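Work through the exercises below with the sequence and coordinates open. Each task is followed by a solution in steps.

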Amino acid sequence: MDENLIEELLSFIDAEHLIAHIRKGGETESLREHTERTVSYYMELMEKKHLVESIQIMKEVFLQDCSDSCTDFFWKMFYAIPIMHDFGKTNPLFQEKISGKKQKAITCLDGSKHSLLSSAYFINYFLVELEKSEVKRNKTEYKKLYFIMLVNSYISSRHHGDLTALKEYLELFEDSGKLNIIFHGMLDGAFQNIYNGEIFQNPDTYARRNYRCYKEFYVMSGDKDNESKSKVYLYIYARLVYSLLVSSDYYATSEFVNHIRVSEFGEFCHINSLKSIYENTELLQTIRKFNKETEMDNHRDINYLRKMMFYEAES
């Protein structure tokens, strides 16, 4: 991940003074501190679970033979997910709730909730960037990246809940939808005191673009095999990135609350010692005494079949 991306995105909000969490005793964690912790775990999980390779395979399916600019934009969006996932905590009522200090509410927001606002920031930023990028000249690449942007923002919006149907998320862009209301609030200056990034100037196009890209995204090359493959990979991508974000967020929060950095992520680090214990169990010792080359099946002992199946599974 490019460290400049973290600084660029955090520069749009007052990350040093906004509170992300507070623990017993009143000690607070700034949004910058929580973001940096989350990104750190995100990158560590990516490395230890070898997820770069997995994401790369999915990218090749989504963006067949795409340009270098398109590839760069894909990865920029991917790495921005943990950085921007809690930007919605700029919501004044969230800050009021966590700090106890009175704040002026932004009427287009839903109380103190923050996840949906985080996804709105994500879309606003990357649509502004997409409109400026070289990819804008390639309609096919533009549409694909636009749809992946929607999927990433959808994942961000759900990081405190379950993944619901993507179509339900797209409905939030309709005229009376919560995201549409937020985007128009951005355009009307409602967020000027808490967000200083550039604002996309034409939010009324969102709903129309969303459904068009949603319908067209799966047909990558016009063949049915790839269409089916794209749907499966999109499902895997959404679930994988959602799990990665939720885990990173949880580990980061746990580190702050408990003063302990998580360093074990379920890897089998001592395979040989575990194997030794397994091999020395009474059951395994009995199976190892069984000689599959010389033992005869009398068709009455079920253990003969079990042992043969064991050796077949091992081979």
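**Exercise 1.** Classify Glu7 as buried, partly exposed or exposed, then find its salt-bridge partner.

Solution. The model is predicted.
Step 1: Glu7 has a relative accessibility of 41%. Buried requires under 20% and exposed over 50%, so Glu7 counts as partly exposed.
Step 2: The side chain of Glu7 forms a salt bridge with that of Arg32, at 2.9 Å from N to O.
Step 3: Glu7 belongs to helix α1 (residues 3-10) and Arg32 to helix α2 (residues 31-48), so this pair ties together parts 25 residues apart in sequence.
Step 4: Arg32, at 16% relative accessibility, counts as buried.

**Exercise 2.** How are Lys48 and Glu44 placed in helix α2, and which network includes them?

Solution.
Step 1: Lys48 and Glu44 are four residues apart in helix α2, which means a separation of about one helical turn.
Step 2: Their side chains meet in a salt bridge of 3.2 Å, N to O.
Step 3: Lys48 is partly exposed at 32% relative accessibility, whereas Glu44 is buried at 18%.
Step 4: Through shared salt-bridge partners, Glu29, Arg37, Glu44, Lys48, Glu255 and Arg261 are joined into one network.

**Exercise 3.** Locate Arg23 and describe its surroundings.

Solution.
Step 1: Arg23 sits in the loop between β1 (19-22) and β2 (28-30).
Step 2: Its relative accessibility is 12%, so Arg23 counts as buried.
Step 3: The side chain of Arg23 makes a polar contact of 2.5 Å with the side chain of Glu27.
Step 4: Leaving aside residues up to four places away in sequence, Arg23 touches Phe256, Val257 and His259.

Notes. Residues are numbered from 1 along each chain as its sequence is written. This is a predicted model: local features need pLDDT of at least 70, side-chain atom pairs count only at pLDDT 80 or more; totals for chains, interfaces and linings use all residues. Side-chain values use heavy atoms; hydrogens and water are left out. Helices (H or I, at least four residues) and strands (E, at least two) are DSSP runs, numbered from the N terminus. Buried means under 20% relative accessible area, exposed over 50%, partly exposed in between (1.4 Å probe, protein chains only). A polar contact is a pair of N or O atoms within 3.5 Å; within protein, one must be able to donate a hydrogen and the other to accept it, and residues adjacent in sequence count only if both atoms are side-chain atoms. Contact means heavy atoms within 4.5 Å. A salt bridge is a side-chain nitrogen of Lys or Arg within 4 Å of a carboxyl oxygen of Asp or Glu.
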